[in-house]
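New to this one? Here is a quick briefing to read alongside the sequence and the 3D view.

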Amino acid sequence: MKIEKFVTGIISTNCYILSNEDTKEAVIVDPANLSRKMVSYMEEEQLKPKAILLTHAHFDHIMGIDKIIAMFGEIPVYVEENDLDLLHKAELNESTTYTAGYSYAGGEVIHDKDVLSLIGYEFQVIHTPGHTAGGVCYYVKDANVLFSGDTLFCCSVGRSDFATSSTSDLIRSIKEKLFLLPDETIVYPGHMGATTIGNEKVNNPYV
């Protein structure tokens, strides 16, 4: 799996383009926007997007959805059931606070322990409520990677002061689910730099 990170959107969100170098199929994680750099990269690599994976539905992780579909055609947008309302309603996903408002009417519902077979890899869905009620992480065992969204950061954790947030749920999600993964698992978060599960077990002051 080839992983490229693009920092985009008004809150510097990490958008990841994951690709199979043999088939040129790609998955896009948390498209805050569709930047020129992202378009150029996908065109140069001749990538064919097959799905959009949302770790949660706050505006700074979803505002590029329609642009991607307009450019590359209809592809599934996966979101955990408890975040459907955030995806569908601008007043809930914080976009009306920072922008003129954005929502996306679709969404393929996923749940804890679902496995999505995409671009030659299996993406295990780990429901990690706390930052939002429907927050999830995507674990790809064969690639030794976890896409943690705003649940777990390098030596930090996501905010838990939003409408569907819960501090206790967030810490429980990290300790009881993410910290069960191998220490060497590379964590790609929704903001800031990458880390590992082992590093967070030792150095994260919040957990």
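Leaving aside its neighbours within four places in sequence, which residues is lysine 5 in contact with? They are Asn14, Cys15, Tyr16, Met192 and Gly193. Keep in mind that this is a predicted model. The rest of the tour goes by topic.

**Lysine 5 and its surroundings**

- You'll find lysine 5 in strand β1, which covers residues 2–8.
- Its relative accessible area is 41%, so lysine 5 falls in the partly exposed class.
- Threonine 97 sits 92 residues away from lysine 5 along the chain, and the C-alpha atoms of the two are separated by 26 Å.

**The six-stranded sheet**

- An open sheet is built from six strands, and reading across it gives the order β7-β8-β9-β10-β13-β14, with mixed pairing.
- The edges belong to β7 (115–118) and β14 (195–196); each has a single partner strand, so one side of each has no neighbour in the sheet.
- Strands β10 (residues 145–149) and β13 (residues 186–189) run parallel and are joined by four bridges.
- Across from isoleucine 186 in β13 you'll see valine 145.

**Histidine 56, a buried residue**

- Look for histidine 56 in the loop that runs between β4 (48–53) and α2 (65–72).
- Is histidine 56 buried or exposed? It counts as buried, because its relative accessibility is just 2%.
- The side chain of histidine 56 makes a polar contact of 3.0 Å with the side chain of threonine 55.
- Another polar contact, of 3.5 Å, links the side chains of histidine 56 and aspartate 150.
- Leaving aside neighbours within four places in sequence, histidine 56 is in contact with Asp30, His61, Ile62, Asp83, His131, Thr132, Gly135 and, once again, Asp150.

**A nonpolar patch on the surface**

- Ile10, Ile11 and Tyr98 make up a nonpolar surface patch, and together they have about 300 Å² of accessible area.
- Tyrosine 98 from that patch belongs to helix α4 (residues 95–98).
- With 47% relative accessibility, tyrosine 98 counts as partly exposed.

**Salt bridges**

- Side chains of opposite charge can pair when their charged atoms come close.
- How many salt bridges does a search of the whole structure find? It turns up six.
- One salt bridge brings together the side chains of aspartate 161 and arginine 159, at 3.0 Å from N to O. Aspartate 161 is exposed at 53% relative accessible area, while arginine 159 is partly exposed at 44%.
- Another pairs aspartate 169 with arginine 172, and their closest N and O atoms are 2.9 Å apart. These two are three residues apart in helix α5 (residues 167–176), so about one helical turn separates them. Both are partly exposed: aspartate 169 has a relative accessible area of 28%, and arginine 172 has 40% relative accessibility.
- Lysine 201 and aspartate 183 also form a salt bridge, with 2.8 Å between the closest N and O atoms. This pair ties together distant parts of the chain, 18 residues apart: lysine 201 is in helix α6 (residues 197–203), and aspartate 183 is in the loop between α5 and β13. Lysine 201 is partly exposed at 39% relative accessible area, and aspartate 183 is partly exposed at 40% relative accessibility.
- Salt bridges also link Lys2, Lys24 and Glu45 into a network.

Technical notes:
Residues are numbered from 1 along each chain as its sequence is written. This is a predicted model: local features need pLDDT of at least 70, side-chain atom pairs count only at pLDDT 80 or more; totals for chains, interfaces and linings use all residues. Side-chain values use heavy atoms; hydrogens and water are left out. Two strands pair if DSSP finds at least two bridges between them. Buried means under 20% relative accessible area, exposed over 50%, partly exposed in between (1.4 Å probe, protein chains only). A polar contact is a pair of N or O atoms within 3.5 Å; within protein, one must be able to donate a hydrogen and the other to accept it, and residues adjacent in sequence count only if both atoms are side-chain atoms. Contact means heavy atoms within 4.5 Å. Patches are made of residues with over 30% relative accessible area and no salt bridge: like charges are joined within 9 Å, nonpolar side chains (Val, Leu, Ile, Met, Phe, Trp, Tyr) within 5 Å. Accessible areas come from the Shrake-Rupley method with a 1.4 Å probe; for residues, only the protein chains shown count as cover. A salt bridge is a side-chain nitrogen of Lys or Arg within 4 Å of a carboxyl oxygen of Asp or Glu.
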